[in-house]
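Here's a walk through one protein chain, written for someone who'd rather be at the bench. Have a look at the structure first, then read on.

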Amino acid sequence: MEHQTSEFKSKGGFKRILDASSYTVQGLAMAWRIEHAFRQEVLVFALGVIFAFVLPVSGFERLVLIGVLMLVLIVELINSAIEAIVDRISLERHPLSKNAKDFGSAAVGLTVLLAAITWGTVLYNRFA
């Protein structure tokens, strides 16, 4: 059985890296433009980065504090991709479509909870 690949799949080399970088910028710009939750999370990320550099924490703790906020952005982007795919297939209400969107939302919610627990733990251990 021959493996089929999409005609849109890149072939490799330096051009692939440039194309991937361009797609990254386009994806971030589109998420910023159309996803309200993403804009809110970017604001929290920006403030969190500032606080992480102001707080008297170790380099590793700073990395964890910033990393967990970046993880929220990553999961939000994946959730937005799931929502876009579901809507592309059909705007009709369907239980499986609802499940897909709810699962994506749950992933974001759990990641936000992880971020809150991480920040709370680092701050508690540093200041309590």
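## The second largest pocket

Val86, Asp87, Ser90, Leu91, Glu92, Arg93, His94, Ser97, Lys98 and Lys101 make up the lining of the second largest pocket. H3 and H4 are the elements that each put two or more residues into that lining, and H4 has the largest share, with 3 residues. Keep in mind that this is a predicted model.

What sort of residues are these, by class? The lining has 5 charged residues, 3 polar ones and 2 nonpolar ones. As for volume, the second largest pocket comes out at about 160 Å³.

## The largest pocket

Now for the largest pocket, which has a volume of about 210 Å³. It's lined by 13 residues, and the closest to its centre are Val44, Phe45, Leu69, Val72 and Ala115. Three helices each give two or more residues to this lining: H2 (36-54), H3 (59-89) and H4 (95-127). Which of them gives the most? That would be H2, with 7 residues.

The class split here reads 10 nonpolar, 2 polar and 1 charged. Set that beside the lining of the second largest pocket, with its 2 nonpolar, 3 polar and 5 charged residues.

## Helix H4 and its buried side

H4 runs for 33 residues and spans 47 Å between its first and last C-alpha, close to the 48 Å expected at 1.5 Å a residue. The buried residues in H4 are Gly104, Val108, Thr111, Ala115, Thr118, Trp119 and Val122. What do they pack against? The answer is H2 and H3. Ala115 turns up on both lists: it's buried in H4, and it's among the residues closest to the centre of the largest pocket.

Thr118 is worth a stop. This threonine sits in helix H4 and counts as buried because its relative accessibility is 14%, under the 20% cut-off. Beyond its neighbours within four places in sequence, Thr118 is in contact with Val64, Leu65 and Val68.

## The nonpolar core

Which residues of the largest nonpolar core touch the most other members? Leu65 and Trp119 do, in a core of 15 residues. H2, H3 and H4 each supply at least two of the core's residues, and H3 gives the most, with 6.

Take Leu65 on its own. Not counting residues up to four places away in sequence, Leu65 touches Ala52, Leu55, Val57, Thr118, Trp119 and Val122. Among these partners, Thr118, Trp119 and Val122 are buried residues of H4.

## Ile66 in H3

Next up is Ile66, which has its place in helix H3. Is Ile66 buried or exposed? Its relative accessible area is 17%, and anything under 20% is called buried, so Ile66 is buried.

Setting aside neighbours within four places in sequence, Ile66 is in contact with Phe45, Val49, Ala52 and Phe53. With Val49, the two C-alpha atoms are separated by 5.8 Å, although the residues are 17 apart along the chain. Phe45 has another role too, as one of the residues closest to the centre of the largest pocket.

## Glu35 in the loop

Where is Glu35 found? Look in the loop between helix H1 (14-34) and H2. With a relative accessible area of 18%, against a limit of 20%, Glu35 is therefore buried.

Outside its neighbours within four places in sequence, Glu35 is in contact with Met30, Ser80 and Glu83. The pair Glu35 and Ser80 is 45 residues apart in sequence, with 7.7 Å from C-alpha to C-alpha.

## Gln4 before H1

Finally, go to Gln4, which is found in the segment before H1. Gln4 has a relative accessible area of 72%, and the bar for exposed is over 50%, so Gln4 is exposed. Contrast that with Glu35, which is buried at 18%.

How many Å separate the C-alpha atoms of Gln4 and Val25? They are 28 Å from each other, and the two residues are 21 apart along the chain.

Note on methods
Residues are numbered from 1 along each chain as its sequence is written. This is a predicted model: local features need pLDDT of at least 70, side-chain atom pairs count only at pLDDT 80 or more; totals for chains, interfaces and linings use all residues. Side-chain values use heavy atoms; hydrogens and water are left out. On a 1 Å grid over the protein atoms alone, a cavity is a set of points where a 1.4 Å probe fits but cannot get out, and a pocket is an open set with protein on both sides within 12 Å along at least five of seven lines; lining residues have an atom within 4 Å of a point. Grid points are joined across faces, edges and corners, and a volume is the space filled by probe spheres set on the points. Helices (H or I, at least four residues) and strands (E, at least two) are DSSP runs, numbered from the N terminus. Ala, Val, Leu, Ile, Met, Phe, Trp, Tyr, Cys and Pro count as nonpolar, Asp, Glu, Lys and Arg as charged, and the others, Gly among them, as polar. Buried means under 20% relative accessible area, exposed over 50%, partly exposed in between (1.4 Å probe, protein chains only). Contact means heavy atoms within 4.5 Å. The expected span of a helix is 1.5 Å times one less than its number of residues. A nonpolar core is a set of buried Ala, Val, Leu, Ile, Met, Phe, Trp, Tyr and Cys residues joined through side-chain atoms within 4.5 Å.
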